[in-house]
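This report goes through selected backbone and packing features of a two-chain model.

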Amino acid sequence: MRLNFSLRIAALAGFLSKKILRRSGETIPGKVLLTLYPKALIALSKNRKIVLVSGTNGKTSTTRALAQLISQCGTTVTNNSGSNLDRGSATTLMKSSEYAVLEVDELYLPRLIAETTPCAVVLLNLSRDQLHRMHEVKKVAQRWKNAVDTAPDTIFIGDVDDPFIAFALSDAQKKICVSFGGRHHSDGAVCPGCGKYLQWNSSGFSCACGLTNAKAEVNRNPGSAAYRNAELANIAGAQMGAPEIIFDTKNLERAVEKKISGISSSIRLVKNPASWSEALAGLKSANVVLILNAREVDGIDTSWLWDVSFEALRGKKVVVCGERAIDMAYRLHVAGINSVLEKNSASAFSHFASTDKVEVLAAYTAFFGLVAS
Amino acid sequence: MSNIRIIRIHNELLGTYGDQGNAEVLAFRAKFHGIAATITDVTYEQSIPRNGNIYLLGGAEDSAQLLSLEALRRENNLQEAIADGAVLLAVCAGFQIIGQSFWANGAKVEGLGLLDVESNPGGKKRCVGEVKARCSILNLELNGFENHSGTTTLGSSAQAFAKVSSGYGNGDGKSDGAVLGNVFGTYMHGPILARNPQLADLLLTRATARPFSQIEDPLASSYASIARKY
């Protein structure tokens, strides 16, 4: 089938999905398009400058920052809603533009690199996440490395304090390795390159095989995940000719301020041990609501709760809800942290007064449910 | 016994699938039953204490599994402690390590041989999802989450740990894990002891050689009954 005809059908499908099914229309058109014209990503990438962003955590906010940077250079399309599989990318590319900044799911990154021949790719981090789907962190890193090694014209920008990123970039033809001074990685005991026990110290890691974060091309000060993502976005943006933007890193955290049941709430998306640890470390309020679901995009196995230290919650008023609230409540119980178990967020908020400030840490599906309600 | 010593082996290598929680649940339940308990973490570079009462191995990726085996081979402390009656719970990659042989990074490796099982690379389909299996020792259906590509066959002297009612278990959808005396192997994460407190109590009873009070922790019981329906 010809591309133009497929594009018309896909656009119609998107229109109908929005009008009749009241969906966002970010997935259906791309899905239809890729079914009718499997090489659509290749065709739609021609004559367009493309930048991809992937990693376990921080994809959406980094993509948003990078799209803001790149739009200084020319017309830019982006999948800023987090619809990051091949179909979401296809839907985004259906709109014409000079540039495209795409957030890409970790497992789909090799396909997107191969088919869109991007100018630049930003690799943020890799750690355990949705293991029912990703299976093993090292295997994801190996797929990335294979994709990187076969893309000689693309420049890769990556945070090599993460050994999996350092490994993925180890043989890249064009790369900018960025170090923020080294930091602990809870999945980093084994060298992804040679399988030896990885040697760590306060400034990072080094292995006899040569894998290290010590030989980065760019060195920056340590800081929060949001700060690091903003730096990486600017480094990638500079490669595309975009003038630097000083980002307010608070805006880069995926947090939403909202009144729930009349109570001022700050809702933050958390989805795996790394993002939970980052969010717990940043808690300021004495009132916390934790919402745990275990649907497909949340990760259907909750074993990882036991990989997270919840010590930051000790002494706070903690209410737990969500479809798998009991998993969380029992995990906290064993850690000696008291919590109240509730059925849903409405009943959870009944434990707080209208003058309270509540911080909400919510699983993926719960986050979008709360923010949209 | 005044204090139960729980030895969590190579958590930095065998902690990918949440199994470290087994140690915390054991210590918590021991204290609940009025017995002091300590958790000792032993890293790849350290020697494994000889005087543990319960030893724990967890799930891991291939390279980490091989490093753990290499460290375990440096000494016989674990084997000697087990010969003296200590308890071992080995999950997933840990279960494969204590068998006769397993495959990692595309090569066959000789295991510790504590259980008469052999693990082999599975087919294309990885065993991922909720698993339910009846354990005859406890006369109870256990539940957990499995996530492995290897399959395990029982040798002539091996006894299955549990009989699978849904899920893959050892890969054939019939048996899960293996058991010999106080050595327990299983593919169930969850962690298994968080979702099945009766199994935690069984391990504690075996380690202390004394029965426990029948008092129940209400939250543990409600979690166990809810998790049965996952």
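The text below takes the strands of each chain, then the unusual backbone geometry, then the contact between the chains. The model is predicted.

**Chain A: strand 3 and its partners**

Strand 3 of chain A spans residues 99–103, and five of its five residues are buried. In a regular strand the side chains alternate between the two faces of the sheet. Y99(A), V101(A) and E103(A) point one way from strand 3 of chain A, while A100(A) and L102(A) point the other way. Both sets are buried, the charged-type side chain name E103(A) being listed with Y99(A) and V101(A).

Strand 3 of chain A pairs with strand 1 (residues 49–54) of chain A in the parallel sense, over five bridges. Within strand 3 of chain A, L102(A) is the residue that stands opposite L52(A). Strand 2 (residues 76–78) of chain A also runs parallel to strand 3 of chain A, joined to it by three bridges. Here T76(A) has Y99(A) as its bridge partner. The connection from strand 2 to strand 3 of chain A passes through helix 5 (residues 86–93) of chain A, and this β-α-β crossover is right-handed.

**Chain B: the six-stranded sheet**

In chain B, six strands form an open sheet with mixed pairing, in the order 2-1-3-4-14-13. Strand 2 (36–42) and strand 13 (178–180) of chain B are the edge strands, each pairing on one side only. From one strand to the next the twist averages 15°.

Strand 1 (residues 3–9) and strand 3 (residues 54–57) of chain B run parallel and are joined by three bridges. Opposite L56(B) of strand 3 of chain B stands R8(B). Helix 1 of chain B packs on the sheet and touches strand 1, strand 2, strand 3 and strand 4 (87–91) of chain B. The direction of helix 1 makes about 165° with that of strand 2 of chain B. Helix 6 (residues 197–208) of chain B also packs on the sheet, where it touches strand 1, strand 3 and strand 4 of chain B. Its direction makes about 150° with that of strand 4 of chain B.

**Backbone geometry**

Most residues other than glycine have a negative phi, and most peptide bonds are trans. The table gives departures from this pattern.

| Site | Backbone value | Location |
|---|---|---|
| Q130(A) | phi near 40° | loop between strand 4 (120–123) and helix 7 (131–134) of chain A |
| H135(A) | phi near 70° | loop between helix 7 and helix 8 (137–149) of chain A |
| G190(B) to P191(B) | cis, omega near -10° | P191(B): loop between strand 14 (183–186) and helix 5 (192–195) of chain B |

Is Q130(A) buried or exposed? Q130(A) counts as buried because it has 21 C-beta neighbours inside 10 Å, and the cut-off is 20 or more. H135(A) has 17 other C-beta atoms within 10 Å, so it is partly exposed.

**Contact between the chains**

How many residues does each chain bring to the contact? Chain B gives 30 residues and chain A gives 22 residues. On the side of chain B that touches chain A, helix 1 (21–32), helix 2 (62–72), strand 9 (140–148) and helix 7 (218–227) of chain B each supply at least two residues. Helix 7 of chain B makes the largest share of that side, with five residues. By class, the side of chain B that touches chain A holds 16 nonpolar, ten polar and four charged residues.

Definitions and conventions: Residues are numbered from 1 along each chain as its sequence is written. Chains are lettered from A and ligands numbered from 1 in the order in which they are written. This is a predicted model: local features need pLDDT of at least 70, side-chain atom pairs count only at pLDDT 80 or more; totals for chains, interfaces and linings use all residues. Two residues are in contact if their C-beta atoms, placed from the backbone, lie within 7 Å. Helices (H or I, at least four residues) and strands (E, at least two) are DSSP runs, numbered from the N terminus. Ala, Val, Leu, Ile, Met, Phe, Trp, Tyr, Cys and Pro count as nonpolar, Asp, Glu, Lys and Arg as charged, and the others, Gly among them, as polar. A residue is buried if 20 or more other C-beta atoms lie within 10 Å of its own, exposed if 12 or fewer, and partly exposed in between; C-beta atoms are placed from the backbone. Two strands pair if DSSP finds at least two bridges between them. A crossover is right-handed if, with the strands pointing away from the viewer, the path from the first strand over the helix to the second runs clockwise. Axes are lines fitted to C-alpha atoms, for helices over the stretch in contact, and angles run from 0 to 180 degrees between N-to-C directions.
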